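Colleague: Mind walking me through this model? I'd like to start with a loop and work outwards.

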Amino acid sequence: MTTPDADTLLADTLAFNAELERRLATIPPVNTVPPEESRRARREGRGIFPRPLYVPEAREVEVEGPGGPLGLRIIAPEGSARGTFLHLHGGGWTLGEADGQDPRLQRLARDTGLTVVSVNYRLSPENPYPAGPDDCEAAALWLLSDEGLATVGASGPRAIGGDSAGGQLAACTLLRLRDRHAITGAFDAAVLQYGSFDLSMTPSQRLWGDRNLVLSGPIMIWFGDQFLPGRDREQRRDPDISPLFADLTGMPPAIFTVGTADPLLDDSLFMEARWRCAGGQTRLQVYEQAAHGFTAFPIGAGRQALQEQYGFLQTV
């Protein structure tokens with residue numbers, strides 16, 4: 001794939017942002033409608049995301065979770081898999097499903113040789129914290145078990161990752177494995193896309209304002225309140241909620257991806273620095289003027305970022 005020059009990439013990103021902002025202005029902001037309506041709209045392709053495409057190669061299994069059966073969606077590469085990737089979807093802990101991004105996960109599997117296991121964790125506000133993190137922890141422990149290995153059918157290296165809320169969940173899962181189960185080194189890499197690592201809100205979040213570019217100030221506050229009802233900002237600095245405040249020693253090599261037009265910019269900048277200073281190997285990708293969620297859209301910056309991430313995973 002030919003890498004476009006910086007000026008071309010920026011022009012493409014700015015043109016996309018203008019169209020994205022125009023489209024967002026024609027639909028109710030997510031914080032003004034019930035979550036079930038936003039979920040239904042996404043499932044039907046009403047909004048900024050197209051209707052989900054389901055690849056026939058995907059298979060679903062249920063494992064025992066802390067709140068009942070926990071669904072996992074598995075997409076294997078062609079041929080023999082060389083390892084696994086535990087995927088935690090985004091959506092502000094309130095939206096999204098494991099089957100909502102099949103084509104992207106299929107490409108990840110194809111380009112890295114890793115079998116992808118996507119977790120259908122419980123969502124807020126019906127199941128607020130700690131339900132979602134509990135499910136992700138349970139999925140990781142299952143994947144590390146003999147049963148998980150036999151079901152997935154892939155030995156070799158393991159990686160974990162997610163976007164937005166999924167980035168937070170991936171980091172917290174690694175910390176729980178270390179602190180609750182004395183497990184370090186089980187995952188060989190982390191892919192953290194524009195994660196929310198400080199739910200008390202970093203400066204870039206607090207200064208963003210009302211501009212709706214996938215996220216806005218009011219939308220971020222609303223997502224946080226769905227996930228963490230009744231918790232004030234100081235309580236939201238608990239490391240199990242905001243991993244930016246955790247001891248980050250013993251973490252695997254990680255790639256952080258974010259755009260400068262993302263209110264979560266500081267989350268990635270700060271988290272990458274703390275991860276690195278704690279002794280972890282890191283790679284930081286910052287894309288000029290890229291919005292929150294940009295890797296999910298058909299733009300040059302998103303394609304380039306995914307190519308870099310898959311290249312990173314090919315080294316584990």
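Modeller: Sure. Pro125 lies in the loop between strand 4 (114-120) and helix 4, where helices (H or I, at least four residues) and strands (E, at least two) are DSSP runs numbered from the N terminus. Keep in mind that this is a predicted model, where local features need pLDDT of at least 70, side-chain atom pairs count only at pLDDT 80 or more, and totals for chains, interfaces and linings use all residues. Residues are numbered from 1 along each chain as its sequence is written, and side-chain values use heavy atoms, with hydrogens and water left out.

Colleague: What is omega near for the peptide bond from Ser124 to Pro125?

Modeller: Pro130 is found in that loop between strand 4 and helix 4 too, and the bond from Tyr129 to Pro130 is cis, with omega near 10°. The Ser124 to Pro125 bond is cis as well, with omega near 0°.

Colleague: How do helix 4 and helix 6 pack, and at what angle?

Modeller: Helix 4 covers residues 131-144 and helix 6 residues 165-181, with their axes 9 Å apart. Axes are lines fitted to C-alpha atoms, for helices over the stretch in contact, and angles run from 0 to 180 degrees between N-to-C directions. The two helices pack at an angle of about 65°.

Colleague: Which residues of helix 6 meet helix 4?

Modeller: Contact means heavy atoms within 4.5 Å. From helix 4 the partners include Gly132, Pro133 and Leu144. On the helix 6 side they are Leu169, Thr173, Arg176, Leu177, Arg180 and His181.

Colleague: Is Ser164, in the loop between strand 5 (158-163) and helix 6, buried or exposed?

Modeller: Ser164 has a positive phi of about 60° although it is not a glycine. Buried means under 20% relative accessible area, exposed over 50%, partly exposed in between (1.4 Å probe, protein chains only). At 11% relative accessibility, Ser164 counts as buried.

Colleague: And Asp210, buried or exposed?

Modeller: Asp210 sits in the loop between helix 7 (203-206) and helix 8 (217-227). Leaving aside neighbours within four places in sequence, Asp210 is in contact with Ser216 and Pro218. With a relative accessible area of 65%, Asp210 is exposed.

Colleague: What about Val214, buried or exposed?

Modeller: Val214 lies in the loop between helix 7 and helix 8. Val214 has a positive phi of about 75° although it is not a glycine. Its relative accessibility is 19%, so Val214 counts as buried.

Colleague: Overall, what percentage of the residues is buried?

Modeller: The protein has 10 helices and eight strands. Of its 316 residues, the buried ones make up 55%.
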